[in-house]
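Here is a short tour of a protein chain, meant to be read with the structure open beside it. Take a moment to turn the structure around, and then let's walk through it together.

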Amino acid sequence: MSSTLLRSLVNRSRSRSSNVGAALGTRNYNLVSNQISNHTAKWMQVNEDTSKKSPMELINEIPPIKVEGRIVACEGDTDPALGHPIEFICLDLKEPAVCKYCGLRYVQAHHH
């Protein structure tokens, strides 16, 4: 009797463990890889429609922001829900300083 009970428990645990991957949503890594490469290719392709610009092209259209002081605090947006962590940027150099989060450029007003 104990061997029959043991055998049924082992078989039950084997059948459950084989279904665990399906239950947990085991990923098909080829599918994920294809999704990533397709997403990246969207931004790398040459756009025939000039109205569609990449995020970097859009941010580069914004002229550098002139600031009176030596240090600027960039938050990305006035609305905290749309911004990024605050970054303090030193403006001692003559060329524009770039925010590492959003790409906005800042310069000291008296340098230009």
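## Contacts and surface

Among contacts in the protein chain with a separation of 6 or more, 35% are between residues 24 or more positions apart. Please keep in mind as you read that this is a predicted model.

The protein chain has 112 residues, and 14% of them are buried. Its exposed area comes to about 9,400 Å², with 57% of that supplied by carbon and sulfur atoms.

## Order of helices and strands

If you follow the sequence, you will meet the pattern α-α-α-β-β-β-β-β. That gives a tally of three helices and five strands.

## The open sheet

Which strands come together in the open sheet, and in what order? Three strands form it, arranged 1-5-4 with mixed pairing. Strand 1 (65-67) and strand 4 (97-98) each have a single partner strand and stand at the edges, so each has one side without a neighbour in the sheet.

Now look at the pairing of strand 1 with strand 5 (residues 105-108): the two run parallel and are joined by three bridges. To find your way in, start from Lys66, whose bridge partner in strand 5 is Val107.

## The annotated domain

UniProt, in an unreviewed entry, lists residues 69-106 as "domain: Zinc finger CHCC-type". In the model, this stretch, residues 69-106, is 32% strand and 0% helix. The C-alpha atoms at the ends of residues 69-106 are 11 Å apart.

Technical notes: Residues are numbered from 1 along each chain as its sequence is written. This is a predicted model: local features need pLDDT of at least 70, side-chain atom pairs count only at pLDDT 80 or more; totals for chains, interfaces and linings use all residues. Side-chain values use heavy atoms; hydrogens and water are left out. Helices (H or I, at least four residues) and strands (E, at least two) are DSSP runs, numbered from the N terminus. Buried means under 20% relative accessible area, exposed over 50%, partly exposed in between (1.4 Å probe, protein chains only). Contact means heavy atoms within 4.5 Å. Accessible areas come from the Shrake-Rupley method with a 1.4 Å probe; for residues, only the protein chains shown count as cover. UniProt positions are given in the numbering used here, feature names are shortened, and annotations may be inferred rather than shown by experiment. Two strands pair if DSSP finds at least two bridges between them.
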